[in-house]
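Subject: Structure for you to look at

Hello,

Here is the structure I promised you. Please open it and keep it in view while you read my notes below.

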Amino acid sequence: MGAEMILPFVADRETEGFRRRGRAAAGLQSLRGLRPRPAPADGALSPLRRLEHRLARGERTGRLHTWTLVTHQVHPAFPTPYTLVVVQLDDAPDVRLMGRLDGAPELAEGQPMQVWFQTLEPGVVLPQWRVA
Amino acid sequence: MMMGLAMGAILSGQAKTVIAFRSLNGRSETRLGSGGKRAGHQEAGGGGTYDEYYVPYGLMTAGQTFALMTRRHMLEYGTTPAQLGAVAMTCREHANATPHAIMHDKAMSLDDYLASRMISTPLRLFDFCLESDGACAVVITSAERAKDLKKPPVLIRAVAGGEPQDHRAGMMFPVTTRHDMTELGGRKGGEVLWKRAGVGPQDMDIAQIYDCFTISVLLQLEAYGFCGKGEAGPFVESGAIRRGGSLPINTGGGHMSEAYVHGMNHIVQAVRQLRGEADMQIEGAELCLCTGGPLPVGSSVVFRRAA
């Protein structure tokens, strides 16, 4: 990412609640406060909360669903080339999350992907993906 | 959608005559493919757009979004660049026969198409519509009132809109989380449209398909039932959508080669065709489908030549 950056708006009344309740399984990634942390007993959590905690621990793996290599730059925060990926979670195929890879890696449908966390600024974290 | 709103206002007695128009400085002001006037360190999203889940990753434009959809169509159905090119070339051929079209004087071969630079793979420059300045207006009134006017009227046979089975909140980018991201709201809207119109896709003489990108034409041909799911690539490659084919589309050059006026130039083109006034006139055309923007929902109208 270049010197400029685009941060997620984190005070939207509509999506704030999803983050607060950890509704990653709704197909919406948590953008703030989603950091590795001790796992509570999974049995004490709803399936949605378990999903969020697994994602936060970096355990979640997924498969590459689709991607595009962007070669036409539209914003200084995103110098080209970069690759946008859409990753489908292995254990929750209804959930797909965005990610960005630098450059133009060789990719294939169904390729295993691993989550990692990019801190944009203190308190603002993006779940990202790398080739597993 | 504007046709439906105007029709509803007239039928309910709220208006006698309505003008629907669109004016767009898509080139001289904000270039539509730029992702908006974003610069510097700033926030994206909010306001129910859900852009906050996409823009911070660098997903900023419609072209990038449709590129992700195109890749899925290629992976699932084997759609090829040459098939996308068939859409671009068809629109260009039709613009070449339309003097006011922006691309009137510029012929394009498949080699030209394939040689155009990549923007967001697998979409090339010529998979994108034009960024242009333009304006269009359509006057809608009752059929009774229209009988007395100088020009022959064109009748609105039916209008309908629809959303996909698993429609997501937000604007365009959440299409990437749909179960099937190559499925459009136009399918459900089309089912309603054909019932209301009392005709089907097989009855259309021509169609003006919202061509923001080549892939959007393929997806809508499938959604509105002109071919089966995944079959639009071979359908367009067969020449069906060209002049002389079973369903000539975008007969003024469309958004790809006439101008991009957010679907309104398609409405104007449909009226010209059904009045027999088009530059590239399709002889005997009586029924025409026009579709609106394919994301996040879809809308459409069937026009009929007046008896």
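**Around helix 7 of chain B**

G225(B) has a positive phi of about 85°, and it sits just after helix 7 of chain B. Keep in mind that this is a predicted model.

Now step back into the helix itself. Helix 7 of chain B covers residues 214-223. Is this helix mostly covered or not? It is mostly covered, with ten of its ten residues buried. The buried residues include I215(B), V217(B), L218(B), L219(B) and L221(B). T214(B), S216(B), Q220(B) and E222(B) are also buried. So is A223(B).

**Cysteines**

How many disulfides does the whole structure hold? The search finds zero over all chains. Take C288(B) as a case: its nearest cysteine sulfur belongs to C290(B) and is 4.4 Å away. A disulfide needs the two sulfur atoms within 2.5 Å, so this pair does not qualify. Seen from C290(B), the nearest cysteine sulfur is that of C288(B), and C290(B) is in no disulfide.

Are these two cysteines buried or exposed? C288(B) is buried, with a relative accessible area of 0%. C290(B) is buried too, at 1%.

**Where chain B meets chain A**

Next, look at the interface. On the chain B side, 42 residues are in contact with 40 residues of chain A. The size of an interface is often given as the accessible area lost when the parts come together. Here the two chains bury about 3700 Å² between them. Carbon and sulfur atoms account for 55% of that.

Which residues of chain B lose the most area to chain A? They are Y53(B), P56(B) and Y57(B). Together they make up 22% of what that side buries.

Now the polar side of the story. The rule finds one salt bridge across this interface. E109(A) forms a salt bridge with R72(B). Their closest N and O atoms are 3.0 Å apart. Polar contacts between the two chains come to 20 residue pairs, counting pairs with both residues at pLDDT 80 or more.

Which elements of chain B supply at least two residues each to the side that touches chain A? They are strand 2 (42-44), helix 2 (62-77) and strand 3 (118-120). Helix 2 of chain B gives the most, with six residues. By type, the residues on that side of chain B divide into 17 nonpolar, 17 polar and eight charged.

Best wishes

Terms used
Residues are numbered from 1 along each chain as its sequence is written. Chains are lettered from A and ligands numbered from 1 in the order in which they are written. This is a predicted model: local features need pLDDT of at least 70, side-chain atom pairs count only at pLDDT 80 or more; totals for chains, interfaces and linings use all residues. Side-chain values use heavy atoms; hydrogens and water are left out. Buried means under 20% relative accessible area, exposed over 50%, partly exposed in between (1.4 Å probe, protein chains only). Helices (H or I, at least four residues) and strands (E, at least two) are DSSP runs, numbered from the N terminus. Contact means heavy atoms within 4.5 Å. Buried area is the accessible area (1.4 Å probe) that two parts lose on being put together, summed over both. A salt bridge is a side-chain nitrogen of Lys or Arg within 4 Å of a carboxyl oxygen of Asp or Glu. A polar contact is a pair of N or O atoms within 3.5 Å; within protein, one must be able to donate a hydrogen and the other to accept it, and residues adjacent in sequence count only if both atoms are side-chain atoms. Ala, Val, Leu, Ile, Met, Phe, Trp, Tyr, Cys and Pro count as nonpolar, Asp, Glu, Lys and Arg as charged, and the others, Gly among them, as polar.
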